[in-house]
Amino acid sequence: MKRLIATLSAALLAAGPAAAASGPFFSLRNTDFIVLIAFLVFIGILVYYKVPALLGGMLDKRAETIRKELEEARRLREEAQEIYASYERRAREVKTQADQIVANAKREAEAQAAKAKDDLARSIERRLQAAQDQIASAEGDAVRAVRNRAVAASVAAAAELLQAQVRAGNRSAGIDDAIEDVARRLN
């Protein structure tokens, strides 16, 4: 009821310029008065059917829906920030692990390189030793070959001397001398 009175008084105050029209204002021939009455009846119908309360309820429901959506958006935002923070932590952990893996790989590669270097040095040393052994064996073979030739040459020389002495008649003395000569040369 108070609303109706407030609405009517606002309408009367708004009708002030309409009172400046010619003729009596409260006459049914005055269009401004008719419009005022129609407006007041329209406002009364809206109030009677509680349209302002319905509109207020609808606006309240909409405000509540917006408030819930804002709370949901805040919750989702906080959740997204937590997920982002966890991904950043994971990324840092993965980076740390990757750095450790790279460091381990470098250490292993250096160790393998050092081992390969040592293996190569040992292989070269073995090959040098084998070459030296072959050289020593070849030297021994050469010395034996020279001795064998020397023996063969001395036996041939002794045989020639013996033949020459046998012709000269000194057989027994020549044989004894040749045997002693060969024995001296062999030792």
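Biologist: Which residues make the nonpolar surface patch of about 750 Å²?
Modeller: In this predicted model, the patch is made by L28, I34, I37, V41, I45, Y48 and Y49.

Biologist: Where does V41 sit, and how exposed is V41?
Modeller: V41 belongs to helix α2. Its relative accessibility is 48%, so V41 counts as partly exposed, given that exposed requires over 50%.

Biologist: And the two tyrosines of the patch, Y48 and Y49: buried or exposed?
Modeller: Y48 counts as exposed because its relative accessibility is 63%. Y49 also counts as exposed, at 55%.

Biologist: How many aromatic pairs does a search of the whole structure find?
Modeller: The search finds 1 aromatic pair. Y48 and Y49 form that pair: the ring centres lie 5.1 Å apart and the planes meet at 80 degrees, so the geometry is edge-to-face. The cut-off behind that label is an angle of over 60 degrees between the planes.

Biologist: Moving along the chain, where is K50, and what is notable about its phi?
Modeller: K50 lies in the loop between α2 and α3, the latter spanning 51–168. Its phi is near 55 degrees, a positive value in a residue other than glycine.

Biologist: Why remark on the sign of phi?
Modeller: Because most residues other than glycine have a negative phi.

Biologist: Is K50 buried or exposed?
Modeller: With a relative accessibility of 56%, K50 counts as exposed.

Biologist: Change of topic: where is N30, and what does its side chain reach?
Modeller: N30 is placed in the loop between α1 (2–14) and α2 (31–48). The side chain of N30 reaches the backbone nitrogen of D32 at 3.1 Å.

Biologist: Which residues does N30 touch, leaving out those up to four places away in sequence?
Modeller: On that basis, N30 touches P24 and F25.

Biologist: Buried or exposed, and why?
Modeller: N30 is buried, because its relative accessible area is 9% and the limit for buried is under 20%.

Biologist: What share of the protein's 187 residues counts as buried?
Modeller: The share is 9% of the 187 residues.

Biologist: How much area does the protein expose, and what do carbon and sulfur atoms supply?
Modeller: The protein exposes about 16,000 Å², of which carbon and sulfur atoms supply 61%.

Biologist: Finally, how many helices and strands are there, and what pattern do they follow?
Modeller: The protein has 4 helices and 0 strands. Along the sequence, the pattern reads α-α-α-α.

Methods:
Residues are numbered from 1 along each chain as its sequence is written. This is a predicted model: local features need pLDDT of at least 70, side-chain atom pairs count only at pLDDT 80 or more; totals for chains, interfaces and linings use all residues. Side-chain values use heavy atoms; hydrogens and water are left out. Rings of Phe, Tyr and Trp (its six-membered ring) pair if their centres lie within 6.5 Å; planes under 30 degrees apart count as stacked, over 60 as edge-to-face and the rest as tilted. Buried means under 20% relative accessible area, exposed over 50%, partly exposed in between (1.4 Å probe, protein chains only). Helices (H or I, at least four residues) and strands (E, at least two) are DSSP runs, numbered from the N terminus. Accessible areas come from the Shrake-Rupley method with a 1.4 Å probe; for residues, only the protein chains shown count as cover. A polar contact is a pair of N or O atoms within 3.5 Å; within protein, one must be able to donate a hydrogen and the other to accept it, and residues adjacent in sequence count only if both atoms are side-chain atoms. Contact means heavy atoms within 4.5 Å. Patches are made of residues with over 30% relative accessible area and no salt bridge: like charges are joined within 9 Å, nonpolar side chains (Val, Leu, Ile, Met, Phe, Trp, Tyr) within 5 Å. A salt bridge is a side-chain nitrogen of Lys or Arg within 4 Å of a carboxyl oxygen of Asp or Glu.
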